[in-house]
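Biologist: Could you take a close look at one part of this model for me, the protein surface that faces the DNA, and walk me through what is found there?

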There are 2 protein chains.
Amino acid sequence: MNSPARITIKDVAARAGVSKGAVSLAFNQKPGVSDATRQRIFEAAKELGWAPNLTARSLSSQRVDIIGLALCRPARLLGLEPFYMDFISGIESVLADRSYSLLLRLVRDLDEETELYKSWWRSQTIAGAILVDFHEDDPRVPSLQSIGLPAVAVGHPSLTGSFPAVWTDDATAAAEAVRYLAALGHRRIARVGGPVGLGHSAIRATAFAATMRDLGLEEGRQIATGFDGSEGARATRSLLVSAERPTAIVYDNDIMAVAGAGVAAEMGFVVPDDVSLLAWDDSQLCRITHPTLSAMSHDVHSFGAQVARTLFAVIGGQHTGSVQVPTPSLTPRGSTAQAPARS
Amino acid sequence: MNSPARITIKDVAARAGVSKGAVSLAFNQKPGVSDATRQRIFEAAKELGWAPNLTARSLSSQRVDIIGLALCRPARLLGLEPFYMDFISGIESVLADRSYSLLLRLVRDLDEETELYKSWWRSQTIAGAILVDFHEDDPRVPSLQSIGLPAVAVGHPSLTGSFPAVWTDDATAAAEAVRYLAALGHRRIARVGGPVGLGHSAIRATAFAATMRDLGLEEGRQIATGFDGSEGARATRSLLVSAERPTAIVYDNDIMAVAGAGVAAEMGFVVPDDVSLLAWDDSQLCRITHPTLSAMSHDVHSFGAQVARTLFAVIGGQHTGSVQVPTPSLTPRGSTAQAPARS
DNA sequence: CGGTGTGACTAGACCGGTTTATAGACAGTG
DNA sequence: CACTGTCTATAAACCGGTCTAGTCACACCG
C-alpha cells in the first residue's frame, strides 16, 4: 500500500558512517565500539527514529521476549473473577521490567490449551509459559514436559509433575478457616467449592473435611460449583433450605460469597447473625458489600509477580525448585460472627 | 544449553525430497505443488514434528499476527471491572479464528502507553492496536496517527481523530436512564460517574444534565470518581447524607453500584424503597446481589468482537468508517422502584 | 516437426538483525 | 626495530522462513 521505506539498521549505519555490525554492538551495550562512535550511532538512530526490528532480532539471536498464558475458563467467568486480572497485573509488573510482553489467549479446554502451547513453542513464539488451574492427573503435564517447554506451574507441587511450582498452602488456609469458624461456636459448617477435578479445590475439600473431623464436628456438607456467581447462589440456597442448615459457609472465591450473601438476604437470613459467610481471595469486592465480607486473604498481585520471577529463572536455565508464597490468612470483617444460640 | 538441533524447513524439505520452496508453498496452501508432493511434505513435517518458525516467517513476509492492547487503568481496578475480561474475550474470539494472538500490557499512564505502541509498531511486533479509554484531546491520537499505526479506537468518533471508532451511544443510554427514573417519579436523581477527563464519562455527564433539564428537573448532582468501588461508596455516602438527598442514583459501572448498595444498607436505607440504584454494563454481578441491580445493559463480548473485526478491516487496508454497536438498554431488576412519597 | 503453453519444482536473493573471523591502527616491550 | 597485544571496526555468514525468476517436462497446436 504505502510503506515509506522502513528504516533499517543499514540506514542508521550509513548515516553514522559505520557498518551494520557497529550499530548492533552499540545498541546491545557490547564492547567493540568507542564511546564517540557509539554516540554518533545513537544520534543517527534518533534522527531517523529507528528502533531495532524485534522480529529480525529474535530470528538471529534465537531469543524471544514473549511469555505465553492460556486461560481455560469460560469467558463469562473470567470477567467476574477479580483474581485473574490481579494475577496478570502481577505478572506484568515483572515482565515489564525486562521488556517482556504477555501473550494471552482464552481457550475452551485443556486439549486446546496443550495444542496452543505446543504450537507457540514449536513456532518459537514464546520463551516460556505459565500454567494455571491444575487438575489431578493433568494431561498438560506429560505433553508439555515432553516437548521441553520452559514453564512454571501455578498449583500444588504434587500436581505439577516436573514443572517448578509456585503454590500457596490451601490446605492450611482451609483448616484455618474451619478452625476460626469453629472457635466462633459454629458446628455445622459447609463449603461451596470449585469443580471437583480442579486441584486446589480438591486440596481445600480434603483439608476442610479433615479439620472438621479433627475438631469432632460432623462432616460438613460441601458443594462443588463452577466458580460462577449463579452457581454459588444455587448452592447457598440449597444449603439454607436443608434440614441441617449450616450456620457458616466457606466459599472458594469472592464472587460466590457475594452471591451467597445475596441469597441469604433474599431468604430473610441475617448475615452474620443467622449465618456466617467467609469468602476466599479477598479482592476489593469484600470491602464494598454490606455487610463486608470476611475472607481468606492473600496478595494475588505478588503471587503473579513471583510466578513471573520463577519463570525467568527457568528460562535462564536454573534448576528452580518449587516456591511457596504466603498462606492466605483470615481477615475478619462483617460477615462472620458467633454462631447463633443452639436452635 | 541443549537444543536438540531444532528442526527447520530444510530438514523437512530434505526428508520429503523437495526444496525449501516447495515446503513453503505446501504449508501456505499455495498452488505450485502437486497433491502427491503436498501429501509427502505434510507427512515429512508430521514425522519430524515441525511447525514453521513464526519469527522467521514474519521477518520475510513482513507480516505479523499479533495485536496489541495496552490498558491504562490501575491494576487493582482492572481486576474488579468485569468489563475488561469480557471485552478481551470478545476480541479473542475473533482473533483466534484467524490465528492471531493478543499482546497485553498494563501501563501506568497515557505517555507510557503511547511510547509502548510506538515501540511495538517500530519494532514490527504488532500488526495493529486497539485503543481504549479516550480522553478529550487525547494525546495518543496525534502521536499514533503520525506514525501510521493501524488501530481502531473504542470511543465516540468525536474523540478518536482519524482512527476508525467502534462506539456505543452513551448519550442516548444516559438519557434513557434518566427518563426511566423520572417516569418512576424520581425528581432528585444523582449520578456517580467516572473521571471527568474520560471521554465517555463526559458524554454521559452532559447527556445526563441535558435530560434532567429537558424534563424540568433540577440539575442532578454528579460526582466524578475513578471507577473504584471504594470511591463509589464514598460518593454514595456523600449523596445520601446531603440535605437534598437524591431518591435515585445512576452509576457508571457495576462495581460502584454494588458499593452503593452496600452503603445504602449500611446507612439504613432500603433499596429500592428509599433509594433506587441503577448500574451500568450489566455484568453477572448485577444478578447475584440482593436486591438484584437494575442496569443499563449491553453485550460487552460482542462489542469486543466487533472491535477486532474492525481492526482486521483496517489492517487489510480498507477505509473503514466508524461502527456503532447497539446502545445499552435498560434492564429493570430489584434496585429500582417508584420514588418514595414526597418527603 | 518446431513453437507455445502450462504446471511442477528449484535455486537463490531477501527480510533485518546478530555474531564471528579478520584486518588495521596504535601502544608497549625487549 | 620487529613483535606482541589491545582496541576498534568491518565484511560476511547466519537465523528460517518467503518469494521471484527461471528450468524442465510434457502436452497441445498449426
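Modeller: What follows is a description of the protein surface near DNA strand C, and the model it rests on is predicted.

The protein surrounds DNA strand C with 26 residues, and the closest of these are I9(A), S24(A), K30(A) and S60(A), together with T37(B) from the other chain. Of the atoms of DNA strand C that come within 4 Å of the protein, 70% belong to sugar and phosphate.

Three polar contacts to phosphate oxygens can be set out individually. In chain A, I9(A) places a backbone N or O atom 2.5 Å from a phosphate oxygen of DNA strand C, whereas W50(A) uses its side chain, in which an N or O atom is 2.9 Å from a phosphate oxygen of that strand. In chain B, the backbone is again the part involved, with an N or O atom of S34(B) lying 2.7 Å from a phosphate oxygen of DNA strand C.

As for the elements, those that give two or more residues to this surface are α2 (20–27) and α4 (54–61) of chain A, along with α4 (54–61) of chain B. The element that gives the most is α4(A), with 4 residues. Sorted by class, the residues near DNA strand C are 13 polar, 9 nonpolar and 4 charged.

For chain A there is also a record to set beside this picture: an unreviewed UniProt entry carries the annotation "domain: HTH lacI-type" over residues 7–61. In the model, that stretch of chain A is 69% helix and 0% strand, and its end C-alpha atoms are 20 Å apart.

Methods
Residues numbered from 1 in each chain as written. Chains lettered and ligands numbered in written order. Predicted model: local features only at pLDDT ≥ 70, side-chain atom pairs only at ≥ 80, totals over all residues. Heavy atoms only, no water. Near = heavy atom within 4 Å. Polar contact = N/O pair within 3.5 Å; in protein donor to acceptor, adjacent residues only side chain to side chain. Nonpolar A, V, L, I, M, F, W, Y, C, P; charged D, E, K, R; others polar. UniProt positions renumbered as here; feature names shortened; annotations may be inferred.
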